[in-house]
Amino acid sequence: MTTRWSAVFRRTGMDPRIFGVPPAHLGVVRSWLEAQDVPCVVSQDVYSSTVTGWAVLDGGCTEIHRYGLTSLPSGMRVVGGDCLRLLISELGLSGGPRPEPGAPFVEALELRDRHRRNAARDVAAWERAELLAGCETGDDIRAAAQRLLGPVPHAPGPGPARVHERPHGPMGPWRSQRWVDEQQAAARTSD
């Protein structure tokens, strides 16, 4: 029995073309990326988050190790449908997300061929890696996705961000999730 793609990748709610990698699967995805001949750029400054960007096909992957207050928790995100489908195929996972309406669907074999032909041979790939290595915030990664992939097809408008993409819970960095839960429970019991 093969593992479903949704066990290794999850929708982030930031953009339909941005997927998160749960902590349990970071090592597998990172190992695959490090074994590839793709541009990899690390952005690391004193007193700021360390961000690594890998250029893969139409987008790539970005991994942030948070330092200080940022709008993204530490973790890895996959940017781009072709990149995600290639990872699903290369990792031997089953299934996959539905393609965006109007977006061309490319078979996994063609994605593999394209990846092997163009992986690290052009300047544009290095520029994509640099762009992804600069994604410290949610706005940065959304802007990078739009720059790399174009506007979101049939965007329904900004929806609420998922709680797992916020660093400190729904009320901001000064309130813990436990505090929020206690306040909500107290409000329910007082009604």
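These legends walk through several close-up views of one predicted model.

Local features here need pLDDT of at least 70 and side-chain atom pairs count only at pLDDT 80 or more, while totals for chains, interfaces and linings use all residues. Residues are numbered from 1 along each chain as its sequence is written, and side-chain values use heavy atoms, with hydrogens and water left out.

**View 1. The whole chain, with its seven helices and six strands.** Helices (H or I, at least four residues) and strands (E, at least two) are DSSP runs, numbered from the N terminus. Going along the sequence, the pattern reads α-β-β-α-β-β-β-β-α-α-α-α-α. Of the 191 residues, 39% are buried; that word means under 20% relative accessible area, with exposed being over 50% and partly exposed in between (1.4 Å probe, protein chains only). A contact is heavy atoms within 4.5 Å, and among contacts with a separation of 6 or more, 59% join residues 24 or more positions apart. The chain exposes about 10,600 Å², and carbon and sulfur atoms supply 53% of that. Accessible areas come from the Shrake-Rupley method with a 1.4 Å probe; for residues, only the protein chains shown count as cover.

**View 2. The largest nonpolar core, made of 24 residues.** A nonpolar core is a set of buried Ala, Val, Leu, Ile, Met, Phe, Trp, Tyr and Cys residues joined through side-chain atoms within 4.5 Å. Phe9, Val29, Leu33, Val78 and Leu87 have the most contacts inside this one. At least two residues each come from α1 (5-8), β2 (18-21), α2 (26-34), β4 (50-56), β6 (75-79) and α3 (81-90). Helix α3 gives the largest share, five residues. Zoom in on leucine 87: leaving aside neighbours within four places in sequence, this residue touches Phe9, Val29, Trp32, Cys61 and Val78. Apart from this core lies another, of nine residues, including Ile18, Leu132, Cys135 and Ala145.

**View 3. Threonine 52, a residue of strand β4.** Threonine 52 counts as buried because its relative accessibility is 9%. What does threonine 52 touch, leaving aside its neighbours within four places in sequence? The list is Cys40, Val41, Val42, Cys61, Thr62, Glu63 and Ala133.

**View 4. A nonpolar surface patch of Val46, Tyr47 and Tyr67.** The patch covers about 410 Å². Patches are made of residues with over 30% relative accessible area and no salt bridge; like charges are joined within 9 Å, and nonpolar side chains (Val, Leu, Ile, Met, Phe, Trp, Tyr) within 5 Å. Valine 46 sits in the loop between β3 (40-43) and β4, and tyrosine 47 is in the loop between β3 and β4 too. Valine 46 is exposed at 67% relative accessible area, and tyrosine 47 is exposed with a value of 67%. Valine 46 and tyrosine 67 are 21 residues apart along the chain, with 9.5 Å between their C-alpha atoms.

**View 5. Aspartate 15, in the loop between β1 (10-11) and β2.** Is aspartate 15 buried or exposed? Its relative accessibility is 6%, so aspartate 15 counts as buried. A polar atom of its side chain lies 2.8 Å from the backbone nitrogen of arginine 17. Beyond neighbours within four places in sequence, aspartate 15 is in contact with Ala145 and Val152.

**View 6. Salt bridges between helices α3 and α4.** A salt bridge is a side-chain nitrogen of Lys or Arg within 4 Å of a carboxyl oxygen of Asp or Glu, and by this rule there are eight. Aspartate 82 pairs with arginine 114, their closest N and O atoms being 3.5 Å apart. Aspartate 82 is in α3 and arginine 114 in α4 (residues 108-118), so the pair ties together parts 32 residues apart in sequence. Aspartate 82 is buried at 12%, whereas arginine 114 is partly exposed at 25%. Asp82, Arg85, Glu110 and Arg114 are linked in a network of salt bridges. Glutamate 90 and arginine 116 also meet in a salt bridge (3.8 Å, N to O). Glutamate 90 belongs to α3 and arginine 116 to α4, so this pair ties together parts 26 residues apart.

**View 7. A salt bridge in helix α6, from arginine 142 to aspartate 139.** The closest N and O atoms of the pair are 2.7 Å apart. Arginine 142 and aspartate 139 are separated by about one helical turn because they are three residues apart in α6 (residues 138-149). Arginine 142 is partly exposed at 29% relative accessibility, while aspartate 139 is exposed at 54%.

Note on methods. A polar contact is a pair of N or O atoms within 3.5 Å; within protein, one must be able to donate a hydrogen and the other to accept it, and residues adjacent in sequence count only if both atoms are side-chain atoms.
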